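Work through the following exercises with the model open beside the text. Try each task before reading its solution.

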Amino acid sequence: MKTKPTNSDIFYLKNVKRFCFAIAIILFSVSGSFALASNSGELLQQITVTGQVTDATGDPLPGANIVIAGTTTGTVTGVDGQYSLSVPGPDTELVITYVGYTTQRLVVGDRRVINISMELDVAALEEIVVIGYGTVRRSDLTGAVSQVSSADFERVPATSALMSLQGRSPGLRITPSSGEPGASASIRVRGEQSISGTNNPIFVIDGVISTNINFLNSEDIESVSVLKDASVVAIYGARAANGVVLITTKRGTARQEPSITFHTYQGVQQQSNLRLELLNADQWIDLWTEAHENAGITIPWDSEVLSMYQGVDTDWLGAIMRTGMLSNYNLSVSGGTDVSNYFVSAAYLNNQGMVQGMNYDRLNLRLNSDHTVRDWIKFGNSLNVYSAGQDASVGQYTRALQKVPITRMYEDDGSWGRIRNTTLEHMHANSNWMVENMQERRENKGLMGNLYLTMSLMEGLSFTARGNLEWNNDYRTSFAGGIDPATLWEGSTTNTISKDNRETLHWITDYILDFNRTFGEVHNVSALFGYSLEEQTYERLQANRAGTPNNEIRFLSAGDPATQFNNNTYSDWSFASMFSRVGYTFDNKYILSATVRRDGTSRLHEDHRYGVFPSVAVAWRMAEESFLETADWLNELKLRASWGETGNALSVSTYGTIASLSARNYPMNQQPSQGYTMASAVNTNLKWESTEKKNLGLDITVLNNSTYLIADVYVEDTRDLLFTQPIPGSTGLSGSPYINAGHIRNTGFELELGFRRRAGDWYYSASANLHHFKNEVIDLEGRDLRTSGIVEGYPLRSFFGYRSNGLILTQADLDNNPQFSGKKIGDIWLLDVDGREDGQPTGQPDGTVNANDRVLLDGRYPNLMYGAMGTLGYRNWTLQMQLQGIQGLKKDIRGGTNMGVLNYFTMWAMNHDVLLLDRYHSTKNPGGSYPRVDKADSGNNMLFSDFWLRDASFLRISNVNLNYDVPSTVTDRMGIGRLSAYMSVQNLYTFTSFYGPEVDSNADVLTGVPQPRTWTMGLQVSF
């Protein structure tokens, strides 16, 4: 029997074809190079050269490259530094390279054993750190920057580049929105500091400023720099208050023969050790009956009604879950000549999620190149083209959790199960029917890239012009199938379909003068001046109809024209900026850096459109001082300090300071006429929300650069907070205009520690980072935002509710203490903590428990965030483990607005978690930990109190990877450069006392799709 292909199948086939076509293009483009190489030269007698590569102290150097000059033929040393290489003859020249050491070239001659001692390259040891609009040596860095290289996450299978960074940088917290394939994530750098605006940092990918990197292929990334303090973020001015994440993608290397790398991994996804367990049929009927009895409601069913459900116990959650599948294919080609280099890659990812109907596909094509036209002029490009598709949630997972176990999935004749009694079953639609007859399809296509031209004007002075472009088309199709009335499910019997197309075009032009010269060997001066123009346009087109002939036909034109609706919106904004950075280093010891940026935006009124954001930083490299010259164990000791101001432009909506009009009908000459009136009030005096950042840092490296410590302490004050202020309706205007008011402070410290060692055939390394911060509202200028959890002296958006004292277990507790109205034995004991006098809180109990006793509760933010990475290697084997954790965070286990699977039977018939079996009951369970169930919630147990807050601290084994590099003696005979295979598991185990399917997610704590455990096997080969 033939089945109709789904939209997901069609999308999969389309992208497989695209991927194969892209691979064909890449292979064709480089085939000529290999053909020429294979036919050049004469066939000479082969001889074998062996030996060992060591450092100056005699320790072996594993991974050193030995290549025949002018070719790609070569080998890599093993863990013991040994190598073996077949060469054409005695005139062969070998090129030996190793990171951090000078390149050596030698002719074989009559030698057959050649041992090589490598010398340190002092210049190469200087790690280059990417910062705004340039790079800097790590030794000259004055700011707080964490850098992650591609080697740190190249074998971490993640559908999002963002998720590859979890736990790897102090001060950086990444929290996924859910475990759905392709789900987004929130990212915070040093906490939150804005009330109404975004708290996400900006991303800069090869110079392109963006707010989204979901469509970036993580295998294209060369390095990631997280910029945190004012010294490094102020160059981005009005958008840098929340930090900056700089991403540099891979590029080719000059004078390198074409090199092909193919990487693939295949994986399966399962639920982690954190699981939900729902009530079975008997348990659910008992508690549903008990909830009615405790509410004094006559049971609206009898044994005859219950007999219809005899033997029915449907596992709705099990029916909607499946084993997820993850596949990834990545092919890249890189190389270069004396005047050009290139990096080309194609990648295809497919993820079928653990929940039926949730899938994600993505195709990426990348082309990076650099070309030297003359000695003084160079141009190049970075380009990423992508196409992604997502079958998103239509609520099937939540519905599977809520469906009661006494409802049938199918009738005996194979039709969908129908409702027999709405009081016992409610009218929720069948979750598996939803997978087949509901649709939420999202397709994103776009590109991101730039073109640049750099001219050397004189020694040390260059000019760069760069055009950046980001285009995205977000196309969505939503379909809700018509429901057969015979099933008695809730919902319309008429299907509906909608189309939603959103197109964004964002361009930036940068013009940069860059100067760097050293005078008199001790004075290094650098300077940068730039001018930037930027604009973004956004257009949205929506349309929908109802009533296509059946649920199989899902096109607008098939719907009823009488039901059609369409809408079109458009917006744009722009920036104009000037920026400058000046640096001075004296004698490689004393470093000064100053930055200033002037931003103008269309979001603000012309009288307050421009803002200036300065910063200054100093550093002292004490290890270079004469009084420490005898400390041979000390390689670096640097003290850093910085101050500066940044802004947050995205706290204001696109037209937040522009008055808008609304159409109104009014009579004129006894005929209806249309006119316009002011729709909402605006504040034309609005100005930038600004953050003052202060940072003190210390960098220490010891024991021949094998051990390091980086420490930072910071204070960040955000003033002139932007948020909306409600206005009286008597003004005749609607809405809440933006205002500037208030002051928030973030304080904290960060530590990063690492070391690496070698002992014979063994090598090992470890690194750890931690971040502690405190958030506090300093000033609200007299405003009362208590109900929003915003009060002076407390963290922003603190929990707001009652304090509790467990459960009321005795009549004496009930009679002898103030209690909230309606309380009985078995209810939550809410405490009397506050009274009122002349309408103001006294802070003292007043003998009554009511809404006045609500207070701010701790736990909104973690006290500590940490991560660790360990590597253990033996010869060709490498084992890696990564840990990630949070301490001191609390979560409300009731969940979302309908409180998911913990609404305590206070709503319609809905399944619940088994933890309710431990509810209080005077005879069945007098020692229960949870309040009694009551259909009417007469005891007000669902009011928010700290009773429902649970410690969400956790330690997660986030990744374990075992890798094997095939020895060079084998790969040489195979004619390949490198071959490695690995196995890995993500989200292996989470240690936590928190109850729920996921602890590290922004999704509803009980009904949100959890993050999966992913087992993968991968293969990487290079030619």
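The exercises below concern a predicted model and go from its core to its cavities, strands and loops.

**Exercise 1. The core**

Task: Find which residues of the largest nonpolar core touch the most other members, and which element gives the largest share.

Solution.
Step 1. The largest nonpolar core holds 70 residues, and those touching the most other members are Trp-284, Tyr-397, Phe-905 and Trp-948.
Step 2. Two or more core residues come from each of helix 4 (281-294), helix 6 (316-320), helix 7 (396-402), strand 37 (762-779) and strand 40 (828-830).
Step 3. Helix 4 provides the largest share, six residues.
Step 4. Take Phe-905 and leave out residues up to four places away in sequence: its contacts include Trp-284, Leu-287, Trp-288 and Ala-291. Among its other contacts are Met-910, Leu-916 and Val-933, together with His-912, Asp-934 and Lys-935.

**Exercise 2. The two largest cavities**

Task: State the volume of the largest cavity and of the second largest cavity, and describe the lining of each.

Solution.
Step 1. The model contains 10 cavities of 30 Å³ or more.
Step 2. The largest cavity encloses about 470 Å³. It is lined by 30 residues, of which Ala-158, Met-163, Gln-986, Gln-1011 and Pro-1012 are the closest to its centre.
Step 3. Sort this lining by class: 18 residues are polar, nine nonpolar and three charged.
Step 4. Assign the lining to elements. Strand 45 (877-887), strand 48 (954-965) and strand 49 (978-992) contribute at least two residues each to the largest cavity, and strand 48 gives the most, three.
Step 5. For the second largest cavity, the volume is about 130 Å³. Its lining has 18 residues, with Gly-167, Leu-172, Arg-173, Met-865 and Tyr-866 closest to the centre.
Step 6. The classes in this second lining are 10 polar, six nonpolar and two charged.
Step 7. Strand 11 (172-176), strand 37, strand 44 (864-874) and strand 45 each give at least two residues to the lining of the second largest cavity. Strand 11 gives the most, with four.

**Exercise 3. Strand pairing**

Task: Give the strand order of the open sheet of three strands and identify its edge strands.

Solution.
Step 1. The order is 4-1-7, and the pairing is mixed.
Step 2. Strand 4 (82-87) and strand 7 (116-117) each pair on one side only, which makes them the edge strands.
Step 3. Strand 1 (residues 47-54) runs antiparallel to strand 4, joined by six bridges.
Step 4. To find one such pair in the model, start at Val-49: its bridge partner in strand 4 is Leu-85.

**Exercise 4. Two hairpins in a row**

Task: Follow the chain from strand 18 through strand 19 to strand 20, and say how many bridges join each pair.

Solution.
Step 1. Strand 18 (residues 324-336) pairs with strand 19 (residues 340-352) in the antiparallel sense through 12 bridges. Ser-334 has Phe-343 of strand 19 as its bridge partner.
Step 2. Three residues separate these two strands in their hairpin.
Step 3. Strand 19 is also antiparallel to strand 20 (residues 359-374), with 13 bridges. Here Val-344 is the bridge partner of Leu-367 in strand 20.
Step 4. The hairpin of strand 19 and strand 20 has six residues between the strands, and Gly-357 in this hairpin has a positive phi near 90 degrees.

**Exercise 5. Loop residues**

Task: Are Arg-255, Asp-720 and Ala-623 buried, partly exposed or exposed?

Solution.
Step 1. Arg-255 sits in the loop between strand 16 (244-249) and strand 17 (256-270). Its relative accessibility is 63%, so Arg-255 is exposed, the cut-off being over 50%. Its phi is positive, near 55 degrees, although Arg-255 is not glycine.
Step 2. Asp-720 belongs to the loop between strand 33 (707-719) and strand 34 (722-724). At 24% relative accessibility, Asp-720 is partly exposed. Asp-720 likewise has a positive phi, about 55 degrees, without being a glycine.
Step 3. Ala-623 lies between strand 28 (610-621) and strand 29 (634-647), in their loop. Its relative accessibility is 13%, and buried means under 20%, so Ala-623 is buried.
Step 4. List the contacts of Ala-623 beyond four places in sequence: Leu-628, Leu-634, Asn-635, Glu-636 and Leu-637. The C-alpha atoms of Ala-623 and Lys-638 are 7.1 Å apart, with the two residues 15 apart in sequence.

Conventions
Residues are numbered from 1 along each chain as its sequence is written. This is a predicted model: local features need pLDDT of at least 70, side-chain atom pairs count only at pLDDT 80 or more; totals for chains, interfaces and linings use all residues. Side-chain values use heavy atoms; hydrogens and water are left out. A nonpolar core is a set of buried Ala, Val, Leu, Ile, Met, Phe, Trp, Tyr and Cys residues joined through side-chain atoms within 4.5 Å. Buried means under 20% relative accessible area, exposed over 50%, partly exposed in between (1.4 Å probe, protein chains only). Contact means heavy atoms within 4.5 Å. Two strands pair if DSSP finds at least two bridges between them. On a 1 Å grid over the protein atoms alone, a cavity is a set of points where a 1.4 Å probe fits but cannot get out, and a pocket is an open set with protein on both sides within 12 Å along at least five of seven lines; lining residues have an atom within 4 Å of a point. Grid points are joined across faces, edges and corners, and a volume is the space filled by probe spheres set on the points. Ala, Val, Leu, Ile, Met, Phe, Trp, Tyr, Cys and Pro count as nonpolar, Asp, Glu, Lys and Arg as charged, and the others, Gly among them, as polar.
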